[in-house]
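Me: I'm new to this one and would like a quick tour. Can you walk me through it when it's up on the screen?

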Amino acid sequence: MDQLRIRGGQRLRGRVRAAGAKNAALKMLAAGLLTRDELVLSNVPQLADISTMSRLLSAMGAKVRRHGDTVTVRSDGLTSTEASYDLVKTMRASIVVLGPLLARAGSARVSLPGGCAIGARPVDQHLKGLQALGAEIRIEHGYIVADLGQKRRLRGARIVTDLVTVTGTENLMMAATLAEGETVIENAAREPEVVDLAGCLNQMGARIRGAGTDRITVEGVESLHGAAHRVMPDRIETGSFLIAAAITGGEVVVEAAAPGTLDAVLDKLREAGADIQTGEDWIGLRMNGRPRAVDLRTAPYPAFPTDMQAQFMALGCVSEGVGTIVETIFENRFMHVLELQRLGADIRIDGNSAVVHGVEKLSGARVMATDLRASASLVIAGLVAEGETWVDRIYHLDRGYERMEQRLAQLGALIERFGAIRPSTA
Ligand code: EPU
């Protein structure tokens, strides 16, 4: 298992390009199941999760090819409609094949994802919505088994989700594109990735309105066709680079970014003392002096994203003052706290709140990544910890950040990847 060694204390300076958004690209790959034609996606990041989704689609008989940052999906000869436990357990986002498979092939057998490091994460809302569209669903041997019964197509319906769910909204939106009649999804997720997916689907011939609001309307069509779509920039990766710059007192410009998708994060960075400039597709951050502690609360978009909570906590660890972080989306998303404490952070957890007392200095130690965003927070903390920080289990990081260590190194960080055997001096 690879590890990262970080020697803290370098100010980050320079320019870095944001990669395409993992959480948009994954769903668009699944959308490739909705048509026999070719779907051409550009700006697709090179990530472990993207490879997993490609393998999942290939196992169903779809042809998935990558050339540089472009991935093409052609699903003219589907041979299976099954998503196996082995793949789904490594990536929960696999659940987004359920809607497209049902809509296109009329049946699907998708493993239930099971537990997860950041919370229970049930998929009941996906199933409830698909049932409203006419799917017949049962759970058998750990699998969701869904079909259309006697029906030829799914049927449009009005669906009100009990809570705001990103992949749930996306699954239902994709399924509804090929349903008979109109579907209205109320309480829909407003995340920019949902909007980008809707844009991609509309280019494929779908009729979706209202993406980006809490009511999405889908007028079903008989079939979708091929299209070419450029994946939006990854706002969480962008934000992670900005926080890395801020914690080191650095000056960094993130290019090819989407500033309009990061309002809540930029506001909090400004509150912490960062000087931020934005252009149409870039964000510049300069940090002078020690950051100030801020309070934040995660919530669905456009509020502060849960996917940035761990990284912001790392910043809070060395800020001046006391900040409270409330996590409202996932019940177990504080796994990074114990690891940050190994670096000398002063954090107390009470239920879904963490009180972070900023300390003057962190000190390097061996720490372990527990999930994707937790691993980013440990890397960020390592950038300012005195001495060496070794981050173990960075396969979590590789799921969602493209060559993170190389790009941080280009900005001046002293960071290196090592294979399984660590030098005995460490
Ligand atoms: N929930 C239910 N029932 C459902 C669906 C969700 O109770 O049927 C609950 C979840 O347990 C959670 C809350 O609703 O407490 C919100 O979950 P949501 O469904 O929105 O999360 P998701 O779609 O599984 C996506 C991202 C996550 C991101 C969340 C929240 C993808 C592939 N994943 O997950 O990204 O944290 O939305 O914004 O889009 C990451 O990239 O590191 C990551 C975890």
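Reply: Sure, let's start with helix H12, residues 372-382, which is mostly covered: 11 of its 11 residues are buried. Keep in mind that this is a predicted model.

Me: Which residues of H12 are the buried ones?

Reply: They run from Leu372, Arg373, Ala374 and Ser375 through Ala376, Ser377 and Leu378 to Val379, Ile380, Ala381 and Gly382.

Me: What caps the N-terminal end of H12?

Reply: Asp371 does that job, with a side-chain oxygen 3.1 Å from the backbone nitrogen of Arg373.

Me: OK, on to His396. Where does it lie?

Reply: His396 lies in helix H13. Its side chain reaches the backbone oxygen of Thr370 at 3.5 Å.

Me: Is His396 buried or exposed?

Reply: His396 is buried, because its relative accessible area is 14% and the cut-off for buried is under 20%.

Me: Let's switch to charges. How many salt bridges does the count come to?

Reply: The count comes to 33 salt bridges. Side chains of opposite charge can pair when their charged atoms come close.

Me: Give me one to look at. What does the side chain of Asp49 meet in a salt bridge?

Reply: Asp49 meets the side chain of Arg399, at 2.7 Å from N to O. This pair links distant parts of the chain: Asp49 is in helix H2 (residues 48-59) and Arg399 is in helix H13 (residues 395-400), 350 residues apart.

Me: And how covered are those two? Which is buried and which is partly exposed?

Reply: Asp49 counts as buried, at 2% relative accessibility. Arg399 is partly exposed, with a relative accessible area of 24%.

Me: Show me another. What does Lys63 form a salt bridge with?

Reply: Lys63 forms one with Asp76, and their closest N and O atoms are 2.9 Å apart. Here too the pair links distant parts of the chain, with Lys63 in strand S4 (residues 63-67) and Asp76 in the loop between strand S5 (70-74) and strand S6 (82-83), 13 residues apart.

Me: What about accessibility for Lys63 and Asp76?

Reply: Lys63 counts as partly exposed at 37% relative accessibility. Asp76 is partly exposed as well, with a relative accessible area of 27%.

Me: I see Arg74 on the screen too. What does Arg74 form a salt bridge with?

Reply: With Asp76, where the closest N and O atoms are 4.0 Å apart. Arg74 counts as partly exposed, at 30% relative accessibility.

Me: Which residues are linked in a network of salt bridges?

Reply: Asp2, Asp398, Glu405 and Arg417 are linked that way.

Me: New topic: the ligand. Which residues come nearest?

Reply: There are 23 residues around the ligand, and Asp124, Thr165, Thr167, Asp307 and Ile329 come nearest.

Me: What do Thr165 and Thr167 do there?

Reply: Thr165 has a polar side-chain atom 2.7 Å from an oxygen atom of the ligand. For Thr167, an N or O atom in the side chain is 2.6 Å from an oxygen atom of the ligand.

Me: And Val166, what part of that residue lies by the ligand oxygen?

Reply: For Val166 it's a backbone N or O atom, which lies 2.8 Å from an oxygen atom of the ligand.

Me: Last topic, holes. How many cavities of 30 Å³ or more does the structure hold?

Reply: It holds two of them. The largest has a volume of about 70 Å³, and the second largest has a volume of about 40 Å³.

Me: What lines the largest cavity?

Reply: The lining is Arg292, Ala293, Val294, Phe312, Met313, Leu315, Gly316, Ser319, Gly323, Ile325 and Val356. Helix H10 (309-317) and strand S19 (322-326) are the elements that give two or more residues to it, and H10 gives the most, with four residues. By class, the lining divides into seven nonpolar, three polar and one charged.

Me: And what lines the second largest cavity?

Reply: Its lining includes Arg235, Thr261, Leu262, Tyr301 and Pro305. Helix H9 (residues 263-271) provides the largest share, three residues. The classes here are seven nonpolar, one polar and two charged residues.

Technical notes
Residues are numbered from 1 along each chain as its sequence is written. This is a predicted model: local features need pLDDT of at least 70, side-chain atom pairs count only at pLDDT 80 or more; totals for chains, interfaces and linings use all residues. Side-chain values use heavy atoms; hydrogens and water are left out. On a 1 Å grid over the protein atoms alone, a cavity is a set of points where a 1.4 Å probe fits but cannot get out, and a pocket is an open set with protein on both sides within 12 Å along at least five of seven lines; lining residues have an atom within 4 Å of a point. Grid points are joined across faces, edges and corners, and a volume is the space filled by probe spheres set on the points. Ala, Val, Leu, Ile, Met, Phe, Trp, Tyr, Cys and Pro count as nonpolar, Asp, Glu, Lys and Arg as charged, and the others, Gly among them, as polar. Buried means under 20% relative accessible area, exposed over 50%, partly exposed in between (1.4 Å probe, protein chains only). A residue is near a molecule or strand if one of its heavy atoms lies within 4 Å of it. A polar contact is a pair of N or O atoms within 3.5 Å; within protein, one must be able to donate a hydrogen and the other to accept it, and residues adjacent in sequence count only if both atoms are side-chain atoms.
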